[in-house]
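Me: I'm new to looking at protein structures. Could you walk me through how to read one?
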Amino acid sequence: MTIRGLILVIVSALGASDLAAQDVAARLAGRVPVDVARAVEAIATDAAAQGLPVGPLIQKAIEGGAKGVPGDRVITAVRTLAGRLKQARDAVHGGGLTAASPDVVEAGADALNVGLLVRHVSDLTRVSRAPFDPAVTLRVAATLTALGIPPEQAARVVEDVIGSGGTPADVSGLPAEVQADLARGATPGQAVERLDRAGQGDGHRGGGAPPPPPPTGGRDKKPHDPTHKP
Amino acid sequence: MTNGYHPLVKSVLDGELPVEALPPELRAEGEEALRLLAALDRTPVTLSPALDERVMAAVRRHAASPARRAWRWLNTSRDLEVRLRVRRWTVWSGALAAAAAGIVVLLARGAAPVPNRAPTVTIRRGAPESVFVRFVLYAPSARQVAVAGTFNQWDRNAAPLVPAGASGVWTTTLALPVGQHQYAFVVDGATWVVDPTAPAIDDGFGHRNSLVAVTVRGARTL
């Protein structure tokens, strides 16, 4: 590379970093206190320098501001998320995906957030070769865990579906299957057992009648009055 | 005034039973019902033979009116062919002008803060598709309900739910970009409530957020 090319690259990088910082400041303006915005900007700049996605950090700060969370807790949450994104990026690398997209890294961080371990993220990334999207695979495992399936079992179920010749649609349909079971009164453990049976060919997946549809993401069902502070 | 005939009497009125088949205690009621039915005017209505002609004449008059013709002309789709002949330097100068405008906009954004209400709801890169998602919350004691999440920058005022009558059910439908979103309901402008029927995760602030995945095939639990 010539000297002129090197200078051009450096100037471009500095310009991009400056624009990114300006973007963070602009997106946080009026949503969080100035000192919080400044701290988040520093965290985001550091994250960007490590090649981590910045969008989730800004979203977390905006969320904290909207929820009226004290500034120091917002900064702590953003810093924690930045650490989790780095952990996820490393885990995804460990799974053989050296050029992970921001979406995959964010999905990995979400998976870690719900309780999946670094090795789960690595293993799920490793088995998610085309046509499987590692971001979807990780999100499915995370959602299964959020539905009450223990992380170990959630990761195993997803890996089993991929390993047994399932399709990407089979993987992305797992949470809906579990939610339908839970809506019928099954426990998370029973839902996993049914998924296991389905994986062995006794159930719906890969043939037969599909399970009853879940209550459209839960949003069409009339539940109990949940008006309480979470 | 009677509130209704006995089912057996109704069967007689429907022609399913002869009045003689009724038990003695219902016989009088059945005969009375038949008498009333017989008093109805059942004369068949004969339409005038000229009715069809009159109706069709009115339709033709309506269709032939100048206003109708003009409306039809305006509404009829036509194929148009537009040919544009440009010189290369025109294209290049246009591209340069667009690039310069982009740089100016970026610099301006850096100098002045963007207003809070900017509806930048693009969460997932490269996901231009949007899908309508219905949100429902049962909150009978709420005075107002909204849904806020990653899709609307957690704006408590951006997506209010409306009450479905007096049932206590609040609902709204939003067009969300494809991708996974976190959200929560905001009750009475202050209380954050998870969707009790959707999976939820720790929000990092000691509460929880609900999850919804929007795919090109619709919203689902993912």
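Reply: Sure, and let's start with how helices pack. An axis is a line fitted to C-alpha atoms, for helices over the stretch in contact, and the angle runs from 0 to 180 degrees between N-to-C directions. Keep in mind that this is a predicted model.

Me: At what angle do H7(A) and H8(A) pack, and how far apart are their axes?

Reply: H7(A) and helix H8 (residues 151–163) of chain A pack at about 140°, and their axes are 9 Å apart. Angles over 145 degrees count as roughly antiparallel. The H7(A) and H8(A) pair is therefore called oblique. Its crossing is right-handed.

Me: Which residues of H7(A) and H8(A) meet there?

Reply: From H7(A) you have Thr137(A), Val140(A), Ala141(A), Leu144(A) and Thr145(A). They meet Pro151(A), Ala154(A), Ala155(A), Val157(A) and Val158(A) of H8(A). Sorted by type, that contact of H7(A) with H8(A) has 8 nonpolar residues, 2 polar and no charged.

Me: Let's try another pair. What is the angle between H3(A) and H4(A)?

Reply: Helix H3 (residues 55–66) and helix H4 (residues 71–94), both of chain A, pack at about 155° with their axes 9 Å apart. H3(A) and H4(A) are therefore roughly antiparallel. Their crossing is right-handed. On the H3(A) side, the contact uses Pro56(A), Leu57(A), Lys60(A), Ala61(A), Gly64(A) and Gly65(A). H4(A) brings Arg73(A), Val74(A), Ala77(A), Val78(A), Leu81(A), Ala82(A) and Leu85(A). This contact of H3(A) with H4(A) divides into 9 nonpolar, 2 polar and 2 charged residues.

Me: Can we zoom in on one residue? Is Gly64(A) buried or exposed, and why?

Reply: The test is a count: a residue is buried if 20 or more other C-beta atoms lie within 10 Å of its own. Gly64(A) has 26 of them within 10 Å, so it is buried. You'll find Gly64(A) in helix H3 of chain A.

Me: Which residues is Gly64(A) in contact with, if we leave aside its neighbours within four places in sequence?

Reply: Gly64(A) is then in contact with Val32(A), Val69(A), Arg73(A), Val74(A) and Ala77(A), plus Phe205(B) from chain B. You can also compare sequence with space: Gly64(A) and Val78(A) are 14 residues apart in sequence, and their C-alpha atoms are 9.2 Å apart.

Me: What about a whole helix? How many residues of H5(A) are buried?

Reply: H5(A) is mostly covered, with 11 of its 13 residues buried. Among them are Asp103(A), Val104(A), Val105(A) and Glu106(A). The buried residues of H5(A) pack against H3, H4, helix H6 (118–127) and helix H7 (134–146) of chain A, together with strand E7 (200–202) of chain B. You can check length too: at 1.5 Å a residue, the 13 residues of H5(A) should span 18 Å, and the end C-alpha atoms are 19 Å apart, which agrees. Right after H5(A) comes Gly115(A), with a positive phi near 125°.

Me: Which residues of H6(A) are buried?

Reply: For H6(A), they are His120(A), Val121(A), Asp123(A), Leu124(A) and Thr125(A). Their cover includes H4, H5, H7 and H8 of chain A.

Me: And chain B? How many helices and strands are there?

Reply: Chain B has 5 helices and 9 strands. Reading from the N terminus, the order is α-α-α-α-α-β-β-β-β-β-β-β-β-β. Of the 222 residues of chain B, 26% count as buried.

Key: Residues are numbered from 1 along each chain as its sequence is written. Chains are lettered from A and ligands numbered from 1 in the order in which they are written. This is a predicted model: local features need pLDDT of at least 70, side-chain atom pairs count only at pLDDT 80 or more; totals for chains, interfaces and linings use all residues. Helices (H or I, at least four residues) and strands (E, at least two) are DSSP runs, numbered from the N terminus. Angles under 35 degrees count as roughly parallel, over 145 as roughly antiparallel, 65 to 115 as roughly perpendicular and the rest as oblique. A crossing is left-handed if the near helix is turned anticlockwise from the far one by less than a right angle, and right-handed if clockwise. Two residues are in contact if their C-beta atoms, placed from the backbone, lie within 7 Å. Ala, Val, Leu, Ile, Met, Phe, Trp, Tyr, Cys and Pro count as nonpolar, Asp, Glu, Lys and Arg as charged, and the others, Gly among them, as polar. The expected span of a helix is 1.5 Å times one less than its number of residues. A residue is buried if 20 or more other C-beta atoms lie within 10 Å of its own, exposed if 12 or fewer, and partly exposed in between; C-beta atoms are placed from the backbone.
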